[in-house]
Each structure stands twice: as structure tokens, then as C-alpha cells.
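Please open the structure in your viewer and keep the sequence panel beside it. The tour below begins with the whole protein and then moves to smaller selections.

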Amino acid sequence: MRTTIGEFLLRRLKEVGVSEVIGVPGDFNLNWLEQIEAFDGVRFVGTCNELNAAYAVDGYARQRRLGALLTTYGVGELSALNGVAGAAAEHVPFISVAGAPPLFAIEYRYLVHHSLAEGNFDNMLAAFRPFTAAAVRLTPANAVVEIDRVISLAVRESLPVHIQVPSDITHLEVDVPDTPLDPELPTSDERRLADAVDATVAKLKDAKAPLVLVDQDAARHEFQQDLLTFVETTGVNYSQLPSGKAILPERHPQFIGTYNGKASAPGVQDRVETADFLLTTTPRFIEVNSGGFTHDLPEASVVNVGDQHVAVGGEFYVGINTREFFARLNEAVANLGKVAGDGEAKEEAQSAALPEVAEDFGGDKPLTHERIWNRFGAFIKEGDVVVAEAGTSNIGLGTQRFPDGVTYINSPIWGSIGFTLPATLGSMLAAEDRRHVLFIGDGSFQLTAQELSTMLRQDQKPIIVLLNNRGYTIERYILGMDREYNDIANWDYAGLPKVFDAETTMEALQARTEGELEDALAAIEKLDGEKGVFLEIHMDPEDAPAGLRAFGPQTADFDYGPLGPRNP
């Protein structure tokens, strides 16, 4: 069949579940935007800038498996690159599309706007290649093959890809396949699959202290449900890295707590590091999820499951489709019955499942990090999407065991502050029926605050909890507790919804005391999702969760060396 290049790209996006393209218009992409306007099933959502758009697509892709970003050449692409790199770091797949100058201008090296005016049109693609699974420019000759290739690559590798579309080719007709795109991994090599399963089962049979350790790739490659079936079938207990929070249920009787090196939950470090069968999901250890590099996995006991391989005790089995591996493994272990389970996890889970809110919480006591996070933990409901900004919010929520069905969105590896507000926008576009609760600091909010206006324009109804602590609390605890460089302007945050949209129905609330917070949370519960809420809570600039108080000095020791500066 024949269709235009632009329409074929839209058709493929729709086939893989993308119904919104998020971005910023520019003269080199207006041609494709016209095709989006005419296309049934995909719409354009404009954001205030390209970086925010990339963050929004990241949040969208975490709900839909894939998202789509639209920018224009040069100024737009590079503005979005930080968000694309963040998606690469966090293994989030999405399609970045950039309108490019017309193909004749590229081929004949015209000096055009949004370029360096030296005739080089390869530099933008070169900038994207280190942060993507592929960065390509479409032509009429390669468009069909490349569109299918890069979309499939994004899904299979769980990484972003980048496509430049010259502005004069989107309306050209080409021959295209009439079958839907199937981006799934190919089937496994049968012999290696069977060998990997046999080796795993044999290692499990010999184990006296088996355990599962979950990290984010279990969710990125969509085998978390298979993993849950494995632990429930075998009785093997499980832990999680901070970067793998809430991928498996945190109130499950087999969950023993979070592993973070020497900063692990009580008793967890020893159980992980002495396991004689440790099934992992390709953990990546950085400072914040390793207890400052104090992790020590028992490598000889590790069975590591990646997206396309399994490693058992150091032997690699490649050419493995992970979903097929778990299907075969779960069938094999079903015949074994329960091979583990000492009852300790069940007792721990029952005692730690629900946040313990202080009995005297309320009144005119000022808000403190020591007491608010358990209260917010009790506020979170089954099925919520909880979005936590890097730093204070993520550390504060890290100790909370969420109800079943909660999706937790954060950026523990890339850690670009400001990510979460637009990520919430994108996640709500992709999962509009779920309640979204965003926790963000005032410093982070100021980086991407404009997208609150997009949320209101899209009639979204998030619950936004803004921690007003007069600056960068996490930075204060690393260095410069009293320095001006960690201060920011104290905006009228609760007044912003009306600034962005005078007719908004979003409720603006504030709390300085525990009693005021109780009243605010009760008002939110009463609204029951009928309106969005912007809740500003006022905190002491030098107050912080216990985990952050420890993290700050450790970071200073790591970053600055023995002769470098420290907080008094």
C-alpha cells in the first residue's frame, strides 16, 4: 500500500500505543503537525519548552511503554537532550522526532537558521547518538525501514531513539507494509533457553537461603508480574533496591525490605549478602542505591536476569527472551512446590506494612520531616501513581511501604531536578483515570513550573504537594547550609494556579502545622478527585529526613576529598 511518510510514522506510533505526541512547534515540524491534526487517534499536546516536553514523554512512556516527543531542529533538539539522556539513564523508551531543514538544504549545505551556519547538518545527530539506541535522519529511500527499525529498537532495548524528519519529505508517498508493526523480541534460542532454566532450577534446589533482589529493569522490560509469580510459587522472599521501589508489592508477606548496602532496612543487608541463590534484575549501583558503594552481592550465588540474557553463577546464556524464560522457569518451579520461606518476612511485612502515624499528630505543632512522611504514607491509596522529586521527597518516601498497585515514578540515577512536574503531566496524559500524587520541592518546582499551566489547560487534576523549605535542602546538607547559593526566591506558590488560569477549579491549600496538614488532607479526600489540588507545606530550611541527613555528609566526603570543604 502507499501512504505519506508522515502518516506512516503516525500509524506506527498508534500501533504501539502512542495517542499523544508531546512537544513544541517549530517551522521545521509544522508540516508534520498538520498531518497530526488530520490523523485519527493521535493528537499533539504542546508544552512550554522542549526540556519539559522530554520529561513529560518520560512520564508518559512509563505508563504506556512508549511515548513520542516532537521538537524542531537544533534549538529544540538540544533543549530536549537533557531529558532524552535522563530517559537513557533510567531505561525509559521513547521516540524523539525532530523536524529538520528540507533535504535539499541538508544535501547542499545551505546556511540556515537554528544551525551553526557552517553547512554541517550531522552535528545534532552526533549529539544524540551517545544517549540513544539510534539517531537517524529519514529520507524517502530509508524512511519505511528506519521507522520500523528504530521503534522496534526503542521497545526492545528500553531506550530512547531519535529521528530527524526533513521538512520537505513528510508529504511524499512511499510504499509501506500493510501489516501492523510487531516490535517484540524474537523468540529465544531453544537450547540456550532450556539450559538457562535448568541451571537456574538446579541452583535453586541446592539453596538454603534463596532471595530475589528487584531493580528498575524488571519494570522497564515488563516482567515484574512474571517475577511475582516466581516468588509466590517458590516461597522465596524478596528485597528491592531504592531504584526498584514498589515494582513488586511492598506490603506482601514475602517482602523483607529495601537493600541499600550499609543503609539497608534492618536485617536486610545480611540476608542479601549471604544468600546462596540471589535472583537479580540487572541492578546498577550508584551512590544513592548502594549505601555509598557499600554493597557486596554474593556473585557466585547470583542469577541475573536481563532483557535478553540470563547469567547463572557467572555463565552467560544469550539469545534469551526474558518473558519466555520466566514462563518456562515458572512452569518448572511449579512442580517443585515451596522451596523456601521461613516466616520471617511475613512477620516483618505485617508489622511494617502500614505507616505508623503519631497518635498526637495534629494541633499547632510545626511540620517536621520526622513526622510528616508517615502521614503521607497513610494518605497514599492502592492504585495511586506517586511521583517523587529527587532529593528530599524521594528520601522521605523511601521508608514508606506503599499499598498494592502503586506506581512509583522518580529519577534516582539521572536525578535532574524539575523532572517530576512535567513527568506527572505526561503520566496523567497516559493514565488519566489514575490518581496522581506529586511530591516536589520548591527549588525543583522553579525549574519547570510553567508546565502547571499545561496541566490546567489539559484539565488535569493532580494532587501536588510542594515542600517550601526556602531552597535546596539536599544541597544544604552536602555543603553550604547557610550559603546564599542554596537560597531561592520565595514565590507565592499557592497563588500560581490562579496566575496560570484565572478560571481554574484547582484548590490551593497551605499548611504550616500538623493540624493544618490534617485539615488539608481531609479536604483533599472529600474532593475525591473532582478537582486538582496544589498543597504548599512550609518546612524549616534546615530540617530534613534522617536519610538525607546521612546522605549529605557522605556525598561531601565522596565529592570533595579529604582537603575539600565541609559543613561545620
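## From the whole protein to one residue

Begin with the surface of the whole protein, which exposes about 22800 Å², with carbon and sulfur atoms supplying 51% of it; accessible areas come from the Shrake-Rupley method with a 1.4 Å probe, and for residues only the protein chains shown count as cover. Keep in mind that this is a predicted model, in which local features need pLDDT of at least 70 and side-chain atom pairs count only at pLDDT 80 or more, while totals for chains, interfaces and linings use all residues. Residues are numbered from 1 along each chain as its sequence is written, and side-chain values use heavy atoms, with hydrogens and water left out.

Now switch to a cartoon view, where the protein has 22 helices and 21 strands (DSSP runs numbered from the N terminus, helices being H or I of at least four residues and strands E of at least two). The C-alpha atoms fill a box of roughly 65 × 65 × 55 Å, taken along the principal axes. Of the 568 residues, 57% are buried, where buried means under 20% relative accessible area, exposed over 50%, and partly exposed in between (1.4 Å probe, protein chains only).

Next, select residues 4-103, which UniProt lists, in an unreviewed entry, as "domain: Thiamine pyrophosphate enzyme N-terminal TPP-binding"; such annotations may be inferred rather than shown by experiment, their positions are given in the numbering used here, and feature names are shortened. This span is 51% helix and 20% strand, and its end C-alpha atoms lie 16 Å apart.

Then select residues 401-528, covered by the UniProt annotation "domain: Thiamine pyrophosphate enzyme TPP-binding", also from an unreviewed entry. Here the chain is 39% helix and 16% strand, with end C-alpha atoms 23 Å apart.

Move on to helix α16, residues 420-430, where 11 of its 11 residues are buried; among them are T420, P422, G426 and M428.

Finally, select V386, which is found in strand β16, residues 385-388. Is V386 buried or exposed? V386 counts as buried because its relative accessibility is 0%. Show its neighbours as sticks: leaving aside residues up to four places away in sequence, V386 touches I380, L397, F402, V406, T407, Y408, I409, V437 and F439, a contact being heavy atoms within 4.5 Å. To end the tour, draw a distance from V386 to V406, which are 20 residues apart in sequence and 7.0 Å apart in space, C-alpha to C-alpha.
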